[in-house]
Amino acid sequence: MISPVRLAISTLLMLCAASAVAQSGHMDFADRIRLVNCDPSTSKPCFRAAFNSVDAQGSPLDLNLPPGKDLRRQMTIKLDNQEIDPFFAVSQTGQTKAARGRVALILVDISGSMNIKLPSGSTRFETAQQALEQFLEGFDSSVDRVAIVPFESHNVAPQIQAAQFATNKTGALLQIQALTTPQPRNNTALYSAVVLGLQVLAEQAQTVPGSPETLLIVMTDGKNEVYKGDDPGLLDGPAGLQQAANAVQASGTQVIGIGFGDPAGIDTAALRQLSTKLYMADNLDRLKQAFSFARTLQTNRIVATFAAPVDDRSSLEGRTYHVSASLTLPNGQHLESGEKIWSAPEMSVPSFDGKCDTDELKAALQIVPSSTNWLTMLRPVLVFFGLGTLLLVLWFWVPRLVWPEQYIGTFTTQGGGSMRWTDRSQVWSKSRAAARPSRPAPPGFETRKDGVAPPRVPGDRTVVQPDFSKSRLQKRGDERDY
Amino acid sequence: MSLYQTLYFMSLVGGMAGLFSWVLTALISTVLVSQSGWVSDLVSATILGAFIGGLTVAFSDHWSGNRILPRWVISGVLIGITAGAAAGLVQVPITNNLGDTSPVLTRLIAWMLAGSLIGLGLGLRWVGVNRARVAHAFAGGLIGGALGGLIFAGLAASVPELSQALGFVFVGIGICFGVTLAPILLRDGVLQFVSSGDPRAQSKFGRAHKEWEIQQGDSYVIGSQSPDMSRSRYRPEIDIFIPDAGIAGRHAILLGKAGRFYVARHPNSADQASMARYQLRVRGKTVVTSQELRDSDDILVGKTALKFVTRREK
């Protein structure tokens with residue numbers, strides 16, 4: 001018989017344990033922060049952030065989240081140190097209708113080691129084929145697109161680039177069945193496969209209207225190994241790993257790594273660097289669970305949309321925001337997210353990553369204040385004319401002050417023509433002009449004493465002499481022999 | 001136009017190029033609202049390169065030659081585009097690696113990269129005459145880019161459009177300043193226009209007190225060959241162009257060698273008939289083959305009087 005004291009202690013311990021588990025839950029960014037266009041509801045630029053609620057091990061948490069309106073009120077977004085309430089929030093699950101498309105690419109390692117048999121008697125490859133079906137649970141033909149592509153170390157690029165995204169479960173199942181059986185000579189071009197997979201995924205996402213949620217799953221049982229005889233130019237070594245990791249980071253895509261088989265043979269450090277979430281599995285059940293987690297992370301997301309604290313897209317240029325979020329659950333529990341950076345392009349105005357969907361537009365219309373600001377439209381015009389005028393002043397006016405002797409103007413003569421005058425022009429009286437010393441006229445132009453020029457004869461030649469009066473040539477006249 | 005006037009106006013040309021490229025970039029960003037961040041930067045840098053390349057070549061030729069050749073301007077535009085695009089592409093991995101940890105530094109690097117590479121591309125135009133000009137154009141672009149980047153990063157939050165426009169303007173000024181300053185800083189001698197019996201030369205250079213900078217180790221072709229007679233795709237074949245009927249297309253070569261300067265007849269005008277027709281005199285004496293130049297020497301080329309000044313008298 002259990003004493004009441006022991007029962008009380010054990011209950012208390014269970015509660016503490018439950019509390020500890022609950023407190024260890026947090027939100028992970030499931031996608032990059034997207035700048036979305038909510039025009040015509042508001043001209044303000046808006047951000048959309050998607051989160052997964054996960055436990056300390058990274059497994060998806062099944063939370064009892066409040067419905068839309070309440071969820072919005074329970075969420076707070078922190079933009080640098082500024083707290084912003086989202087105008088729209090929704091908790092998406094596999095059961096609810098998705099607002100946006102979902103595109104997933106699954107890269108399956110078919111290196112020679114995938115032929116190793118497990119204690120169950122099946123090979124790793126056969127087990128993977130069985131487990132992959134788990135990912136297709138709840139496949140929604142209206143939003144889901146999935147491609148399952150094998151990779152090893154031969155024909156890596158053509159194979160991945162030829163990925164066909166199935167729009168129904170049957171098509172996806174056929175792709176699983178059609179996976180090429182691993183050959184002993186196959187090595188593992190893991191890094192290149194990730195980079196190519198991200199490219200293919202991005203291209204596919206472009207073809208889906210709106211901004212679909214993308215997911216890349218990389219399943220491998222080993223590490224990056226490429227040797228002579230494999231495809232040329234495959235990524236390898238620390239540099240290759242860094243390049244692939246950079247591609248993952250730059251894409252902002254959720255990449256789930258699944259290490260399958262003997263943990264000692266898997267390069268978990270590299271796989272962790274290449275993925276935003278890593279699951280390890282050594283049997284069919286664990287592998288199914290990993291695929292199930294991956295599917296849940298893609299379908300179960302908390303999406304929050306909020307207005308940027310500026311009036312227009314141009315005002316975001318040159319800015320970097322540190323974004324984090326917190327969510328208060330109905331039971332009072334707080335879920336915090338890590339920090340993710342949104343940064344405008346280095347030299348230009350940020351572009352939109354997508355458009356707000358209908359629900360977001362409706363919410364924005366009700367909550368986000370309209371910000372039609374004439375200054376927003378006038379500002380670029382003012383900047384252009386302001387800087388243009390400054391440059392014109394610097395071009396036409398300032399040089400006249402600095403180098404006045406080189407600037408001449410024009411004035412209209414009585415005859416209707418125009419004449420040029422320098423800044424130092426003066427009007428001289430006739431007598432002063434007559435007294436002004438002048439250079440002798442060139443041959444043929446001499447004035448006679450009576451003031452009349454001698455008539456020119458056909459033999460006369462006009463010779464214009466260079467003016468050496470300002471040169472040293474004049475001073476050294478005695479020395480030269482012209 | 002004196003050296004300092006050239007420096008002043010070329011800097012303004014860079015500023016104009018920056019302003020025009022900002023306008024075009026702003027228009028494009030209004031139309032294309034959904035493109036990746038790196039594509040936006042690539043487009044911005046490319047447009048900046050195109051304008052700076054085209055306008056720099058056009059104005060430089062306008063002031064030093066007698067006409068602007070479209071093919072040289074197009075070459076300048078293409079080189080600017082290539083340099084700008086290269087800067088945009090090189091920036092991608094830098095942003096990926098540094099963007100999250102040091103956003104301001106990344107921004108600064110992007111602007112410096114754009115400025116320096118565009119400057120480098122433009123400087124290549126004068127590599128045959130003055131190799132240092134490439135390095136100086138690169139450095140000028142780097143400094144202009146840094147200044148532009150600092151303005152962009154510092155002012156963007158308070159004056160968004162102005163910061164970007166000023167950034168572009170300063171990058172342009174920096175590049176053109178660097179391209180023009182290089183020969184001024186490094187000049188070992190200056191050839192000054194004194195006067196000319198040919199009214200075209202007198203009209204073009206007389207009032208503006210035209211000066212040509214001369215550097216040790218380089219050689220400059222003096223002539224009256226119009227740029228449109230040139231077969232070069234990017235730069236004039238005549239370095240010191242004087243529109244004087246008494247000057248041969250390729251009249252003389254002025255070169256600096258081992259600390260000394262010489263003027264020599266160009267091989268194209270060294271025959272008896274050319275020597276009789278096209279004058280080349282130094283200190284009043286006819287130059288038959290070559291003649292060493294000393295400080296304050298008077299040179300008569302055709303009907304044009306020039307004065308050579310050097311600070312390296314040996």
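Mentor: Two strands count as paired when DSSP finds at least two bridges between them. Helices (H or I, at least four residues) and strands (E, at least two) are themselves DSSP runs, numbered from the N terminus. The model is predicted, so local features require pLDDT of at least 70 and side-chain atom pairs count only at pLDDT 80 or more, whereas totals for chains, interfaces and linings use all residues. Residues are numbered from 1 along each chain as its sequence is written, while chains are lettered from A and ligands numbered from 1 in the order in which they are written.

Trainee: In which order do the strands of the open sheet in chain B lie?

Mentor: The order is 2-1-11-10-7-8, with 6 strands and antiparallel pairing. Strand 2 (211-214) and strand 8 (285-286) of chain B are the edge strands, each pairing on one side only. Strand 2 of chain B is joined to strand 1 of chain B by 4 bridges, and the two run antiparallel. Within that pair, B:V190 has B:E213 in strand 2 of chain B as its bridge partner.

Trainee: Which strands of this sheet does helix 7 of chain B touch?

Mentor: Contact means that two C-beta atoms, placed from the backbone, lie within 7 Å. Helix 7 (residues 199-206) of chain B packs on the sheet and touches strand 1 and strand 11 of chain B. Its direction makes about 130° with that of strand 1 of chain B; axes are lines fitted to C-alpha atoms, for helices over the stretch in contact, and angles run from 0 to 180 degrees between N-to-C directions.

Trainee: Which residues of helix 7 of chain B are buried?

Mentor: A residue is buried if 20 or more other C-beta atoms lie within 10 Å of its own, exposed if 12 or fewer, and partly exposed in between. In helix 7 of chain B, the residues B:A201, B:Q202, B:K204 and B:F205 are buried. An α-helix has 3.6 residues a turn, so residues three or four places apart point the same way. The buried residues of helix 7 of chain B pack against strand 1 and strand 11 of chain B.

Trainee: Why is B:D244 classed as buried?

Mentor: B:D244 is buried because 25 other C-beta atoms lie within 10 Å. Its place is in the loop between strand 4 (240-241) and strand 5 (252-257) of chain B. Leaving aside residues up to four places away in sequence, B:D244 touches B:S196, B:D198, B:A201, B:S224, B:G302, B:K303 and B:T304. B:T304 is 60 residues from B:D244 in sequence, yet their C-alpha atoms are 7.2 Å apart in space.

Trainee: How do the side chains along strand 9 of chain B point?

Mentor: In strand 9 (residues 290-293) of chain B they alternate: B:Q291 and B:L293 point to one face and are buried, whereas B:S290 and B:E292 point to the other and are not. Strand 9 of chain B pairs with strand 6 (residues 260-265) of chain B in the antiparallel sense over 4 bridges, and B:A264 stands opposite B:S290.

Trainee: Where do the side chains of strand 11 of chain A point?

Mentor: In strand 11 (residues 277-281) of chain A, the residues A:K277, A:Y279 and A:A281 point to one face and are buried, while A:L278 and A:M280 point to the other and are not. Strand 10 (residues 254-260) of chain A runs parallel to strand 11 of chain A, and 5 bridges join them. The chain crosses between these strands through helix 8 (residues 268-274) of chain A in a right-handed β-α-β crossover; with the strands pointing away from the viewer, right-handed describes a path from the first strand over the helix to the second that runs clockwise.

Trainee: Which domains are assigned to chain A?

Mentor: Domain bounds come from an automatic or database assignment. For chain A they give domain 1 (22-93 + 303-367) and domain 2 (102-299). Their centres, taken over C-alpha atoms, are 29 Å apart. The contact takes 15 residues from domain 1 of chain A and 10 residues from domain 2 of chain A. Chain B is assigned domain 1 (3-185) and domain 2 (188-310), with C-alpha centres 33 Å apart.

Trainee: How many residues of chain B are in contact with chain A?

Mentor: 55 residues of chain B are in contact with 45 residues of chain A. Helix 1 of chain B gives the most to its side, with 9 residues. That side of chain B divides into 23 nonpolar, 22 polar and 10 charged residues; Ala, Val, Leu, Ile, Met, Phe, Trp, Tyr, Cys and Pro count as nonpolar, Asp, Glu, Lys and Arg as charged, and the others, Gly among them, as polar.
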